Every structure is written in C-alpha cells, then in structure tokens.
Amino acid sequence: MNEYSNSPLYRVAIIGCGKRARAHVPGLLADSRCTVVALADVSRAAADAMNTDYGFGAAVYLDHRELLERERPDVVIVTLWTPLHLPVYKDCVAAGVRAVLSEKPMAPAWGECLEIARIAEESGCQLTFCHQRRFAQGNQLARHLIAEGRLGKLERMDLFSPPNLLDCGTHTLDQALSFNEEIPAKWVLGAVDTTQLLQWFGVSAEGMATGTLVFGNGVRASIQVGGPDMDLWGGVRVTGSEGFLEVLWDGQFQRAVVYADPAWQPPTLPDETADAPMIGVVRNALDCLESGAEPELSYQKALRASEIIFALYESVRSHTRVALPLTGVSDNPFLTMLANGEFEQNEEKPNHD
Ligand SMILES: NC(=O)c1ccc[n+]([C@@H]2O[C@H](COP(=O)([O-])OP(=O)(O)OC[C@H]3O[C@@H](n4cnc5c(N)ncnc54)[C@H](O)[C@@H]3O)[C@@H](O)[C@H]2O)c1
C-alpha cells in the first residue's frame, strides 16, 4: 500500500531518449503510478541504452507514431529538440494520449506556441512544459516570502539568464512570472547582439539579448540573457518596498534582506539534489490529471513566458516598444530577420557537436 494505491497505473512512453529523457527518469521512478512501457528514438542505440540502464523492459521503437499506434500510452514524455514539440504533441493528441509532459521551450515561433495551446485547449490532452525550477525549494521559498509580504510591495526584478532568449530565457521569465502572481507583461523593449550566433536544439538564436519589461501590475524588470559579462550570477533579484531577495538560475536560494530588520534571516534550506524538482514535475502533472486542476507547469503559464520572448524579438524587428497581448505576429521575428540577411552572417555555434 502507498499513497497512490487507489490511483490508476499510467502507461508511460518516452519519445526522444537523450539527455533530458534521463533527467525525467527520477520523477517517473519516484511516482508509483508510472510504468514506462515504451521508448522511441531515431537512434536505436540511445533507446536501448536507456532501457538497459534503467531496467524498464520497455518496447523500443524507431518511429514515435508506430509507438503511439501500438502502445496507446496514457502519458508521454516528449524530450525532443524544440521544432519537434508541436508536431509530436499533435500525434499524441491524435493517438488519444491523456497527458504530455513536454520539454521547454514551447516552439520556435509564436504562431506555433499559439497552435499547440489551441490544440491543448480543444483536445483536453493535458500539456505541460518542463519549467522544473518552479519545484526547486529555493524558488518555492522565494514565492512564499513574497506572498507573505516580507519584501513589501514588489517594485522591480533583475533577471540574468544564460543564453539564449528562447532556450534559457524561458526558464528565467517563467521564474519571474511565478514571483509576480503570473501577471503577464504589458510592454517590452528588446535588443539582441548577433556578434555570435547560436544554434541550440534546432533553433538559431542570438548570442546575447537585453530588454526592459513592465508587468500588468506595474512591476518592472530588466533582463540580460547571455553575453560576455555573466560572471556575476545567473538568476533573479526581486526588489520590494521593504527588502529584496536573490535566487540563482537553478532555483537555489541566495539571500534575502529586510531593510527594517537587518537581523532577520530566511530559513536555511536543506541540500537539494538536481533530481528533486523533477519529482515535482511528474507528481504535480498526474495529481492535476486526476483532479482536473491547472498544473503548475501548464501550457498557459509557458505561453506567458513565450509571449514575452517573441515580443522582445518583435521589438528588435520593429525598433519600438511592443505592447502585449502580442498581436500581428506569428513567426519568430529573430529567425525572419536572420533569413532576410538583416544580421551579419556570423558563424553559428551549436550546443551539440
Ligand atoms: N528543462 C531543462 O532544464 C532543459 C535542459 C536542457 C535542454 N532542455 C530541452 O530539452 C529538449 C531536448 O534536449 P536534449 O538535451 O535531451 O537533446 P538530446 O539531443 O540529448 O536528445 C534528443 C534525442 O531525441 C532523439 N530524436 C531526434 N529526432 C527524433 C525523432 N523524430 N523521434 C524520436 N527521437 C528523436 C535523438 O536521437 C536524441 O536521442 C530541447 O528542446 C531542450 O531545449 C531542457
């Protein structure tokens, strides 16, 4: 008997058996509701290695559509490069999958983000994106301190993210949104540096980006994504009327200061393994599948971070401040500008060689 004795057992499939697939395994192993029945990868060696390393005894497929057709999984983990998130989600919906836990970012272009959200809304197939740092205890402590008013009224945030806006910026913007009651931005102004171009997970991107954003409740933020002087730390500093706090990029709590009570210290958190947030990812998605509640990593939340990213790129294209909700844009303005030769054709640096 365990806490899920009365819950259904979910037949889980993993599509894409690379690095992130392995990062999801601790979450699957920790949840007794999950049994991994099938793996798909265009590389048989990658799928076989996962099957052996974790002793899944799963069926292995080279084609994810064949897996979906034959195995009819309840839950699918999509750990593929970014351009495949939308088409594979569509295939999962067509196969009657109940929940898809997809890797971030949502998709390479804003129109594709809207499309995947539309399909999720219409189909009812639960869709989450792996902004797993929401489950890191440092981020949770930060949210708790902000919610109890420890910092007073929120005023501003300083966001420092590894490169690039789409790939890592989505985590940092999601972190910022989670600290500010999930309130969408109302306008943004952005710039990119293309001295160094990046090619990450199948999408070209800038080497560095900066921007200013203002949220609907007046909280403002500045963001630096990548660039030469990231030697300080990556993460978020939240400043309120009565104090400030800092959380690192991976959700590790750094410090909090309350101006009126300099002796006050936030609680010390126990050490946390890198796997711990991934346990929350699976647990919360399945709990919400059963209760019908919005998951902590819902596509609706991912959409807010994505909207800021594409609005920042649109700001670069239009040379103007861009108001949200973002309208009249369906492409990735950065990729369109790149294709149109609007940036110097610098060599792209891949994150996978
Ligand atoms: N949440 C995070 O913190 C985090 C961290 C790193 C990367 N990511 C994201 O995770 C995603 C995957 O990254 P990764 O590092 O696991 O990549 P990876 O290259 O290690 O793994 C991808 C796997 O997919 C397989 N594959 C390619 N095309 C396929 C297809 N059509 N069908 C089945 N398998 C196919 C490849 O053979 C490979 O084994 C990216 O979108 C990336 O942005 C998220």
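Helices (H or I, at least four residues) and strands (E, at least two) are taken here as DSSP runs, numbered from the N terminus. The model is predicted, so local features need pLDDT of at least 70 and side-chain atom pairs count only at pLDDT 80 or more, while totals for chains, interfaces and linings use all residues. Residue numbers start from 1 along each chain, following the sequence as written.

With that vocabulary in place, Thr-82 can be placed in the loop between β4 (75-78) and α4 (85-94). Thr-82 counts as buried because 20 other C-beta atoms lie within 10 Å; the cut-offs are 20 or more such atoms within 10 Å for buried, 12 or fewer for exposed and anything in between for partly exposed, with C-beta atoms placed from the backbone. Contacts are called when two C-beta atoms, again placed from the backbone, lie within 7 Å. Setting aside neighbours within four places in sequence, Thr-82 touches Pro-105, Ala-107, Pro-108, Phe-201, Gly-202 and Val-203. Ser-222 is another matter: 140 residues along the chain from Thr-82, its C-alpha atom is separated from that of Thr-82 by 26 Å.

One of those contacts, Pro-105, sits in the loop between β5 and α5 (110-123). The peptide bond joining Lys-104 to Pro-105 is cis, with omega about -10 degrees. A cis bond also runs from Leu-324 to Pro-325, with omega near 0 degrees, and Pro-325 belongs to the loop between β14 (322-323) and α10 (333-339). For context, most peptide bonds are trans, and most residues other than glycine have a negative phi.

Now to the sheet. Strands count as paired if DSSP finds at least two bridges between them. On that basis, 6 strands make an open sheet with parallel pairing, in the order β3-β2-β1-β4-β5-β6. The edges are β3 (59-61) and β6 (126-129), each with a single partner strand, so one side of each has no neighbour in the sheet. Neighbouring strands here are turned by 20 degrees against each other on average, direction ignored; the axes behind that value are lines fitted to C-alpha atoms (for helices, over the stretch in contact), and angles run from 0 to 180 degrees between N-to-C directions.

Within this sheet, β4 and β5 (residues 99-102) run parallel and are joined by 4 bridges, with Val-75 opposite Ala-99 in β5. β5 also pairs with β6 in the parallel sense, over 4 bridges, and here Ser-102 faces Phe-129 in β6. In a regular strand, side chains alternate between the two faces of the sheet. Both faces of β6 are covered, with Gln-126 and Thr-128 buried on one side and Leu-127 and Phe-129 buried on the other.

The antiparallel pairing described next involves β11 (residues 235-240), β12 (residues 243-248) and β13 (residues 253-258). β11 and β12 are joined by 5 bridges and form a hairpin with 2 residues between them; Thr-239 has Phe-244 as its bridge partner in β12. Another 5 bridges link β12 to β13, with Val-247 opposite Phe-253. The hairpin of β12 and β13 has 4 residues between its strands, and Gly-251 there takes a positive phi near 90 degrees.

Positive phi values also turn up away from glycine. Glu-181 has a phi of about 55 degrees and lies in the loop between α7 (169-179) and β8 (185-200). Glu-181 is partly exposed because 14 other C-beta atoms lie within 10 Å. His-319 likewise has a positive phi, near 55 degrees, and is found in the loop between α9 and β14. With 8 C-beta neighbours inside 10 Å, His-319 counts as exposed.

His-319 comes just after α9, a mostly covered helix in which 15 of 20 residues are buried. The geometry of α9 (residues 299-318) checks out: at 1.5 Å a residue, its 20 residues should span 28 Å, which agrees with the 27 Å between its end C-alpha atoms. The expected span is 1.5 Å times one less than the number of residues.

Finally, the ligand is surrounded by 24 residues, the closest being Gly-16, Gly-18, Lys-19, Arg-20 and Glu-103. A residue is near a molecule if its C-beta atom, placed from the backbone, lies within 6 Å of it.
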